[in-house]
Each structure stands twice: as C-alpha cells, then as structure tokens.
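Hi everyone, thanks for making room for me today. Let's pull the structure up and walk through it together.

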Amino acid sequence: MSFDLSVFSNKNIILAVTGGIAAYKSAILVRRLKDYGFNVRVVMTHGAQAFITPLTFQALSGNPVHTELLNPEAEAGMGHIELARWADLLLVAPASCDTIAKFAAGLADDLLSTLYLATKAPVWVAPAMNQQMWAAKPTQRNLNTLVEDGVHVIMPDAGSQACGDVGLGRMPEPEDLADQVKDYFHQAQRALAEKFGLLAGKRVTITAGPTREAIDPVRYISNHSTGKMGFAIAAACYTAGAKVTLLAGPVSLDTPNGVKRINVSSAIKMLDESLHQLEEGCDIFIATAAVADYRVAEVAEHKIKKAGDELHVSLIKNPDIVATIAQQEKRPFMVGFAAETRNVEEYAAGKLVAKKLDMIACNDVSRADIGFASDLNAMTVFFADQYQLEKRDLEKASKQEIAQQLVEAIHDALHHEIDPV
Ligand code: C5P
C-alpha cells in the first residue's frame with residue numbers, strides 16, 4: 001500500500017536516547033522516521049553518549065543534538081522549554097531503568113527528565129534492559145506509575161540479550177517502532193478528518209481507469225485512460241474524511257492509502273460492482289472511468305485464428321454506468337466527467353441534464369498540456385440547476401490539486417441551501 005509521506009512533514013518528534021546497548025538501533029530509528037517525513041530532534045542522556053556519539057545522530061537527523069540542560073550555547077539555539085513545546089511526540093528509545101525511575105519520581109535533574117515534565121506532547125517509552133532488571137519490582141512499579149500518568153509503554157521483545165541472558169528486555173526493531181509512530185499519527189489525522197473533514201463520514205464510490213472488453217480469451221478493446229484523475233480524487237476524498245471505494249479498471253497505479261480498491265475489467269462488471277456499492281450504502285458516486293461505449297457482441301470462446309484479409313467484429317452498446325446509478329430510487333449525489341475535444345462546455349452541460357447528474361467536471365482533451373496521461377489537468381465544473389451555484393473554473397494544476405478542488409465543489413453543493421420547490 002502506498003503512503004503519502006508528505007503529510008508528516010509538519011510533525012515533530014523528539015527522540016530521546018538513554019544509556020543502553022540498544023542505542024545503536026536508535027540510529028536506524030532516526031533514519032526511518034526521517035524517511036517517513038517527520039522532523040526529528042535527538043536528545044541524549046550522558047549514559048547514551050557512552051554507547052554512541054551525538055555526531056551520528058546530528059548527521060542522521062539533520063539537527064543539532066541536545067545533551068545539556070543548562071548549556072548557554074544550546075539554550076540560545078532552542079531552550080529546553082521551547083524544545084518541549086516543539087514536540088508532537090516525545091519518544092524515549094531505548095528507555096533505561098534509570099530514566100524510567102526518574103520519570104516516575106518526577107525528578108528534573110537533566111535535560112530529558114525536565115523535558116518529560118515540561119512537554120504537553122504524548123510520551124512513549126521503549127524500555128530496553130537486562131531481563132532481570134526488567135522484572136525487578138522497582139522497575140515494574142515505576143512502569144505502572146508511568147502508565148497511570150498516561151505514558152505509552154512499548155513492551156520490549158523477548159530473546160537473547162547482549163549480556164548473554166535470554167528473556168524480556170530487547171528494544172523492538174527500529175523499523176517496527178517507526179511504523180508504530182507512523183500509524184499513530186496517521187490514525188490521529190484520520191480521526192480529525194472523520195470529524196471535521198469536508199466529506200466527514202461520507203461513503204464515496206469512484207469509478208476509474210479504462211474498461212477492457214474481451215474479443216476472445218487473449219484480445220480486448222480498451223482505451224488510453226490511466227486512472228490518475230480517479231485515483232487522485234479517491235485520495236482527496238479519503239483525506240477529507242470519507243470512506244472510499246475505488247472501482248478500478250486495469251491500471252498500474254498504487255492504491256491510495258486508506259482506500260478500498262476493487263479491480264474490475266469490463267463495463268458490465270463495473271456496473272455490477274457499482275450497483276452492489278449502492279446496496280452497501282453510498283452517499284456520493286463519482287464516475288471518472290473512461291467506460292468503453294461498446295463491447296463485443298459475442299466473445300469468442302477460443303482464440304480467433306488468422307484467416308482472410310478482413311475480420312468483422314460486431315459491437316453492441318455498453319450500459320451507461322453513471323446514468324444507470326442516477327436512475328436508482330436511492331440515488332447518491334452524482335458526479336460525472338466529460339472529456340471533449342470541442343464545444344466542451346455545451347456538451348458537458350448537456351450530459352449533466354441527460355444523465356441526471358448533480359455535478360459534472362469537464363475538460364478539453366484536445367489540449368496537449370492536460371488530461372489523459374498528463375499529471376496536470378484543468379476543468380470547468382457545472383452544477384445541476386437546483387443547486388443555484390455558478391459554474392466553477394479549476395485552473396491548470398496537478399491532478400492532486402484539482403482533486404482537492406473537486407472535493408470542495410462537492411462539499412459546497414452538498415451544503416448549499418436549496419430553495420424548497
Ligand atoms: O457520455 P460520456 O462517455 O462522455 O460521459 C462521460 C461520463 O459518463 C463519465 O463520468 C463516465 O465515467 C460516465 N460513463 C459511464 N458509463 C458509460 C459511459 C460513460 O459511467 N458507459
């Protein structure tokens with residue numbers, strides 16, 4: 001599953017490294033968190049510096065490493081209170097017995113213990129220590145105190161330890177820790193979107209890509225649609241808090257994060273799946289697919305053999321998916337697309353009425369700089385008369401930006417006061 005890494009570029013993590021052999025794993029952890037797009041600042045206790053140098057973390061995080069509570073030079077850069085405010089998460093990995101005890105007791109005699117008291121950010125600790133020290137009553141008592149104080153304790157793994165013992169106390173692998181951090185921020189963002197996003201809680205079905213109409217078991221009729229616009233809209237709807245199902249024709253694109261993808265091939269299959277989604281519950285239906293207008297009347301059971309100079313294949317009309325869904329009794333808010341080469345607006349407005357849509361977005365595919373395989377698009381959006389909304393021009397932009405603007409247009413139509421007839 002692909003993941004939009006840029007969403008974490010505004011999230012700040014303090015990674016606090018304390019004294020323990022697992023400190024070497026923290027170097028990889030910084031690397032992973034940076035790869036996910038987080039801003040990382042490393043705080044080291046004196047104990048940690050016996051295992052690994054600040055320079056390593058400075059190079060990996062791209063930021064100066066914080067080691068002292070009362071160092072005038074460091075305080076001039078980013079003082080401890082400022083650092084505490086900067087953090088969206090304080091992650092202590094590895095967390096030594098000593099640090100856990102300090103947190104539990106509320107001491108503030110070094111930079112890390114002071115930060116712990118001074119930050120409003122969630123605090124996670126990943127204890128790593130000898131199995132006997134882990135099991136020791138004071139350690140367990142202190143950990144219970146931390147849990148009661150709202151700290152998230154990441155359980156250590158079991159296995160062989162650097163000291164030769166076998167048991168609980170190994171720090172989880174840095175890749176796993178980084179994934180837990182990523183998932184935490186992702187879920188937090190999702191919860192916000194579901195509550196406050198433009199399409200909070202809406203169920204959206206999107207058709208995308210081409211359809212493939214079989215001629216025989218090895219040949220088919222299709223078109224050049226890449227599905228990029230539909231996939232970008234699926235991602236934008238998800239980001240806006242919607243529950244998204246993407247009915248994808250054959251395209252080679254990664255499924256946007258959080259989106260349920262159902263692969264279909266022919267127009268008939270796409271229609272069947274669309275009707276099924278309607279039964280499942282659908283508030284908004286967005287038809288971006290370039291559905292083949294015709295399919296082969298009789299698909300050959302076996303590969304058609306070369307014979308003669310001409311081959312005639314008879315085609316019959318495919319159902320119009322978006323128009324069929326619009327005719328259903330419990331119809332969702334219907335959004336169509338129109339790709340035209342001339343009289344763009346006139347044809348699009350005609351389709352809006354003919355297919356009984358609520359909204360249509362049209363583009364001029366005769367322009368070489370936008371549309372089909374391009375990453376850019378430009379569109380004009382029309383709304384059905386009852387919304388009393390002016391047409392909207394979406395200027396040339398990336399398909400992601402256009403998708404975002406389309407989400408806004410859908411939201412505006414859904415929330416527009418319609419005069420009772
Ligand atoms: O009629 P035209 O193909 O130009 O209409 C385009 C709109 O109708 C798009 O939203 C497209 O996804 C939808 N459509 C459909 N089923 C078809 C043909 C088009 O849903 N068979």
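I'll start with a pair of strands: strand 4, residues 123-127, and strand 5 pair in the parallel sense over two bridges. Within that pairing, Trp124 sits opposite His152 of strand 5. Pairing here takes at least two DSSP bridges between the strands; strands are DSSP E runs of at least two residues, helices H or I runs of at least four, both numbered from the N terminus.

A quick note on the source: this is a predicted model, where local features need pLDDT of at least 70, side-chain atom pairs count only at pLDDT 80 or more, and totals for chains, interfaces and linings use all residues. Residues are numbered from 1 along each chain as its sequence is written, and side-chain values use heavy atoms, leaving out hydrogens and water.

Now the wider sheet. It is open, with five strands in the order 2-1-3-4-5 and parallel pairing. Strand 2 (39-44) and strand 5 (152-153) are at the edges with a single partner strand each, so one side of each has no neighbour in the sheet.

On to the cysteines. How many disulfides does a search of the whole structure find? Zero, where a disulfide means two cysteine sulfur atoms within 2.5 Å. For Cys163, the closest cysteine sulfur is in Cys97, 12 Å away, which is too far for a bond. For Cys237, that closest sulfur belongs to Cys282, at 11 Å, again too far.

Are these two buried or exposed? Cys163 is exposed at 51% relative accessible area, while Cys237 is buried at 0%. Buried is under 20%, exposed over 50%, and partly exposed in between, with a 1.4 Å probe and protein chains only.
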